[in-house]
Amino acid sequence: MLHSPDMDLDAITKFSGLHAKPDGLILQYGTAGFRTKANCLDHVMYRMGLLAVLRSKQTKSTIGVMVTASHNPEEDNGVKLIDPLGEMLAPSWEEHATCLANAEEQNVQAVLTEICHRETVNQQQKAMIIIGRDTRPSSEKLSQSVIDGVTALGGQYHDYGLVTTPQLHYLVCCQNTNEQYGKATVEGYYQKLSKAFVDLTKQSFSSGDESRALKIDCASGIGALKLKEMEHYLPRELSLHLFNDGTKGKLNHLCGADFVKSHQKLPLGIEIKPNERCCSFDGDADRIVYYYNDTDGHFHLIDGDKIATLISSFLKELLLEVGENLKIGVVQTAYANGSSTQYLEEIMKVPVHCTKTGVKHLHHKAQEFDVGVYFEANGHGTVLFSKTAETKIRQLAKEETDEKKRKAAMMLENVIDLINQTVGDAISDMLLVEAILALKGLSVQQWDAIYTDLPNRQLKVMVADRQVIDTTDAERRAVRPIGLQEAIDDLVKKYRSSRAFVRPSGTEDVVRVYAEADSQENADKLATEVSLAVFQLAGGVGERPNLVF
Ligand code: 16G
Ligand code: MG
């Protein structure tokens, strides 16, 4: 076995004993890091502290560690590592993370040594880790375990304490770009975003527009704390009313973006009048959905697809005015409503691409465009500008003599500074949406009316082993088990404007089923029939799916 002479093995072992792994517990670094009940995670936190040090040494950069379980129940927790430019951890390191988290106590050292060897980690290199956490009661102690891991391997750290997930991504990026991306403080984040927002909205707010009210359900999470801090930086014309602000109520319980999206109804704890514009954040403020109630009391959801459509049509207009042949593209997943894809492709004439579920896949694809807009229907998304596009836009904003063109470039420059390009960010997305609505003078109903969502239904099916389902074509078709796709194809044929797909969840032990059709009744029927096919062909357990709507 190889030894890394400079790793303080005694220190690792000593601390490791204080953060013992429960026997037999196996966890996976999934689409969003490790996630499970908070009381099973102490050893994982400690070990992710160790791993972050190795990753920092290898990349010679600051690495982030975020303690959160996002939209999961308050009793859960989780952890994810953030790579140098604020991106998700590289896939090969996800594997190391899984290996290290699952190693039995006596093998921890060997696994660390193996990772150092495989990744040629230079032990002499300094390591710097920055740490953040959400508002869960368990988060403070768990982030202390991360710190124990970092210090056991001689790494330095800065604990930012309570921050949103996207803020930590921002901070990592700032640290590794010599603060070119922004000042590496939470205040720096507020300053950068609010300045861009003020500049972008200057013309609309100064034209005597009355105050624009927005009601925000903060999921009783970190978003509330951070919005309260940020409010002082924002113009008074944007009046934010916070609900579920964490002073009472349980995190994510009957509220938050995930609840609103999946139940398609108002969160608890918010009071709204007809046609008032509202939005919900999730527990770590990296997702946002909008909604309103009409005068008949009907609830209308404006999900990630509609946010992407609003943003991309605004950007496309500006890009046309700038006229530099900068290409815009939209990236979605199979969950994107069929109407949104059709609208983007056929009416807006914007190329649309579909990737597998999970931010890292969308992010990766969006990097192929000059301007890549990516959003999941669940409200996670952002806009990426290529270096070339950014340079060009900043140059035009400064030097262009054609007034109209320069103004468009300046607005694009404001968008570049306003949008968090490291990851989807509820706060930054909200400010961009609010700016666009103000500039365009659009009401929430007018925005909603861009296109009509096809009725849809999502269901879960319990199976003995969800990995028996294998998919292709960005999860839109099942290749295993044999016969399942044919069964789905036959069912889809029975309904108009219909579509359905199944995929194993990356975060829960279930198979997810999605169906869309011309009416809610048909979408419900199709989803149920497809669930039954999964149950029969993929080893369903427990109760057989049946129509319950
Ligand atoms: C995670 C992903 C999210 C995805 C969701 C799907 C990140 C940061 N988050 O929350 O993008 O939509 O998983 O969950 O990548 P599922 O696999 O259980 O359907
Ligand atoms: Mg989240």
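**Helix α1, Thr151 and the cysteines**

Let me begin with a single contact: in this predicted model, the side chain of Thr151 reaches the backbone oxygen of Asp148, at a distance of 3.2 Å. Thr151 belongs to helix α5, and with a relative accessible area of 37% this threonine is partly exposed. To place Thr151 along the chain, you can set it beside Glu516, which lies 365 residues away in sequence and 51 Å away in space, taken from C-alpha to C-alpha.

Helix α5, residues 139-152, also brings us to helix α1, since it is one of the elements that the buried residues of α1 pack against, together with α2 (42-59) and α4 (108-118). Which residues of α1 are buried? In this helix, which covers residues 9-18, they are Ala11, Ile12 and Ser16, and because they span an arc of only 130° around the axis, they sit on the same side of α1. In general, an α-helix has 3.6 residues a turn, so residues three or four places apart point the same way. On the face of α1 turned away from that buried side we find the exposed residues Asp10, Lys14 and Leu18.

Finally, the cysteines: how many disulfides does a search of the whole structure find? The search returns zero. Take Cys116, whose sulfur has its closest cysteine sulfur in Cys99, 13 Å away, which is too far for a bond, because a disulfide needs the two sulfur atoms within 2.5 Å. Cys116 is buried, at a relative accessible area of 5%, whereas Cys354 is partly exposed, at 25%.

Key. Residues are numbered from 1 along each chain as its sequence is written. Chains are lettered from A and ligands numbered from 1 in the order in which they are written. This is a predicted model: local features need pLDDT of at least 70, side-chain atom pairs count only at pLDDT 80 or more; totals for chains, interfaces and linings use all residues. Side-chain values use heavy atoms; hydrogens and water are left out. Buried means under 20% relative accessible area, exposed over 50%, partly exposed in between (1.4 Å probe, protein chains only). Helices (H or I, at least four residues) and strands (E, at least two) are DSSP runs, numbered from the N terminus. The arc is that of the directions from the helix axis to the C-beta atoms. Contact means heavy atoms within 4.5 Å. A polar contact is a pair of N or O atoms within 3.5 Å; within protein, one must be able to donate a hydrogen and the other to accept it, and residues adjacent in sequence count only if both atoms are side-chain atoms.
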